[in-house]
Amino acid sequence: MRTFTIEPLHAPSMEACRLRIDNLTKPIYSLATLELIAERFAGILAEPQPNHLRYGVLVVASDHLVDGPQNSQHGSESYEAIKRFNEGRTATQGAASKLNAAVHVVNIGLEQDTTDLINIDQQVIRKGSHFFGVEPVISRDELKETLELGFNYADKLHNDGLQVVAIGNIGERAFLDSLVTTATITGCEFSDILVHTECGPTIEQRAAHIHSFVDRFDIAVDDWSALSESERRDAVLHLLHIAGGLDIAFLTGFILGAASHRMAIVFDNAVTGGAVLAAITIEPLVKDYVFPSAAYEEPIHKEQCRFLGIKPCLHYNLQIDEALGSTMGLSIIDASMHMLNDMKTFVEAEVKAAEDGAGKGRQKNKE
C-alpha cells in the first residue's frame with residue numbers, strides 16, 4: 001500500500017477560530033455542533049476563518065457476493081441506479097447542485113457492463129466481489145489495485161481544489177461484507193448487528209452460519225490496541241482481502257489519501273462507515289478529518305457510530321444510499337461556514353457584550 005502522512009489538526013488556527021466563534025453576537029456555545037464543525041475545519045485547513053469551501057461528491061459502484069446464493073438480480077438494480085446518475089436524474093445530484101458540488105461516479109466492480117454510460121468513469125477491477133463462503137472477496141493483487149485507485153482519486157479531487165468530499169456507494173448485496181468488516185474492527189458479535197426476521201433462521205443461527213464462512217480465514221483480532229502500526233495495517237488489509245469488497249477497499253484508500261491532503265470526508269451508511277472504520281484503524285488521525293451525516297436505523301451503521309463516538313446530525317429516515325445522506329451532510333458544514341463568516345462579532349456589530357455570565361472573559365467589547 002502507498003505510504004502517506006496525515007498531520008494533526010492545526011491547533012493555533014483552531015484556537016483563533018474558537019475565539020471568533022465565542023465573540024459572535026449570540027449566547028456563547030449556543031450553536032453547539034455548528035461551532036465544533038467550524039472549529040475543526042480551521043484545524044483541517046490550518047486557517048483561522050475558513051470560508052467558501054469547495055465541495056464534491058464521490059460515488060463508487062460495486063456489486064458483492066456475485067457467486068453467492070443470494071445473487072438473483074445479477075446486477076440489474078445496480079445498473080439502473082448508475083444509469084440514473086449517468087442521465088443526471090438522482091436526488092444526490094439535485095442536492096449537490098445546490099452547493100455547486102461536482103458529482104463523480106466511478107464503476108470499479110458492477111456485475112453488468114456499463115461501458116455504454118458515457119458520464120461514468122469506467123475503472124472496473126473485476127465484475128463484483130466474490131462471496132467469502134467461496135473464497136476471499138478479492139485477491140491481494142486486486143486489493144492493491146483498488147486501494148491505489150482510491151488514493152489516485154484523492155489526488156485527483158485534491159488537484160481539482162476540493163476541500164470536502166461526500167462519499168457514497170451503488171451496489172447490491174453489501175450487507176454481509178459491511179457486517180463482517182464492522183464486527184471485526186469494533187469487536188461486537190455478529191448477532192449484535194443482525195436484524196430479527198419473522199421467518200427463517202434465528203439471529204443466533206445466522207451468526208453461526210457467518211462464522212462458519214469466515215472463521216477459517218483467521219480475520220479476528222483480540223485486541224487492536226495491542227498491535228503495532230504495521231501489524232494493525234496488515235490486519236486491516238487482510239480483513240479487506242477476505243471480506244471487505246471492492247467499494248470498501250476503494251473508499252479506504254480514498255479516505256486515507258484525502259486526509260493526507262487535508263481534505264475532509266463526509267460519510268453516511270454502513271458501506272461508507274466500514275471504509276471509515278478501516279481507514280481510522282490503519283491511521284487513527286483520520287478521525288479528525290471525518291464527519292458523519294445522516295442517521296440510519298440500521299444496526300451496522302449504529303454500531304459504527306457507537307464505536308467512533310459520533311452522532312449523525314440528520315434524522316430524515318432515508319431509505320436510499322447513493323451518497324444522498326452524505327451529500328445532505330455537506331449542507332450542515334456549509335451552515336457552519338455561514339455562521340462563522342456571515343455573523344458579526346460584538347465588536348464588528350458595535351454591540352456591547354455582557355460583562356458577566358457564561359461569556360465573561362471570552363466575549364470582548366473591543367479589539
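**Exercise 1. The sheet**

How many bridges join β1 to β4, and do they run parallel or antiparallel? Then place both strands in their sheet.

*Solution.* This is a predicted model. Start with the pair itself. 7 bridges join β1 to β4, and the two strands run parallel. One of the residue pairs is valine 59 with its bridge partner in β4, glycine 168.

Next, widen the view. The open sheet has 6 strands, in the order β3-β2-β1-β4-β5-β6, with parallel pairing. At the edges stand β3 (121-122) and β6 (290-291), each pairing on one side only.

Now add a helix. α5 (residues 140-159) packs on the sheet and touches β1 (55-62), β2 (102-109), β3 and β4. The direction of α5 makes about 165 degrees with that of β2.

**Exercise 2. Strand β4**

Find what β4 pairs with besides β1, and decide whether its residues are buried or exposed.

*Solution.* Look at β5 (residues 264-266). 3 bridges join it to β4 (residues 164-170), and the two run parallel. Valine 164 stands opposite alanine 264 in β5. Alanine 166 stands opposite valine 266.

Then sort the side chains. Val164, Ala166, Gly168 and Ile170 point one way from β4. Val165, Ile167 and Asn169 point the other way.

Last, check burial. Because 7 of the 7 residues of β4 are buried, the strand is largely enclosed by the rest of the structure.

**Exercise 3. Two helices against the ruler**

Compare the spans of α5 and α2 with the expected values. Then list what their buried residues pack against.

*Solution.* Take α5. Its 20 residues reach 29 Å from first C-alpha to last, close to the 28 Å expected at 1.5 Å a residue. Its buried residues include Leu143, Leu147, Phe151, Ala154 and Leu157. The buried residues of α5 pack against β1, β2, β3, β4 and α8. Just after α5, glycine 161 takes a positive phi of about 90 degrees.

Take α2 (32-45) next. Its 14 residues should span 20 Å at 1.5 Å a residue, and its end C-alpha atoms are 21 Å apart, which agrees. Among its buried residues are Glu35, Ile37, Phe41 and Leu45. The buried residues of α2 pack against α1 (11-22), β4, β5, β6 and α11. Alanine 46 follows α2, with a positive phi near 55 degrees.

**Exercise 4. The nonpolar core**

Which residues have the most contacts inside the largest nonpolar core, and which helix gives the most to it?

*Solution.* Begin with the total. The largest nonpolar core has 119 residues. Phe41 and Val180 have the most contacts inside it. Helix α8 (residues 229-260) gives the most, with 17 residues.

Follow phenylalanine 41. Leaving aside neighbours within four places in sequence, it is in contact with Pro50, Leu53, Val164, Ala264, Phe291, Ile333 and Met337.

Now step into α8, where leucine 239 lies. Leucine 239 is buried, with a relative accessible area of 0%. Beyond residues up to four places away, leucine 239 touches Val180, Thr181, Thr184, Ile185, Ile219 and Gly244. Leucine 239 and alanine 278 are 39 residues apart in sequence, yet 9.0 Å apart in space, C-alpha to C-alpha.

The general tendency: in soluble globular proteins, nonpolar side chains tend to be buried together.

**Exercise 5. Positive phi in loops**

Are histidine 52 and glutamate 322 buried or exposed? Give their places too.

*Solution.* Histidine 52 sits in the loop between α2 and β1. Its phi is near 50 degrees, positive in a residue other than glycine. Its relative accessible area is 67%, so histidine 52 is exposed.

Glutamate 322 sits in the loop between α10 (299-308) and α11 (324-342). Its phi is also positive, about 55 degrees, although it is not a glycine. Its relative accessible area is 10%, so glutamate 322 is buried.

**Exercise 6. Cysteines**

How many disulfides does a search of the whole structure find?

*Solution.* The search finds 0. Cysteine 17 is in no disulfide: the nearest cysteine sulfur, that of cysteine 313, is 17 Å away. Cysteine 17 is buried, at 1% relative accessibility.

Cysteine 313 is in no disulfide either, with the nearest cysteine sulfur, that of cysteine 305, 10 Å away. A disulfide needs the sulfur atoms within 2.5 Å. Cysteine 313 is partly exposed, with a relative accessible area of 34%.

Technical notes: Residues are numbered from 1 along each chain as its sequence is written. This is a predicted model: local features need pLDDT of at least 70, side-chain atom pairs count only at pLDDT 80 or more; totals for chains, interfaces and linings use all residues. Side-chain values use heavy atoms; hydrogens and water are left out. Two strands pair if DSSP finds at least two bridges between them. Helices (H or I, at least four residues) and strands (E, at least two) are DSSP runs, numbered from the N terminus. Contact means heavy atoms within 4.5 Å. Axes are lines fitted to C-alpha atoms, for helices over the stretch in contact, and angles run from 0 to 180 degrees between N-to-C directions. Buried means under 20% relative accessible area, exposed over 50%, partly exposed in between (1.4 Å probe, protein chains only). A nonpolar core is a set of buried Ala, Val, Leu, Ile, Met, Phe, Trp, Tyr and Cys residues joined through side-chain atoms within 4.5 Å. The expected span of a helix is 1.5 Å times one less than its number of residues.
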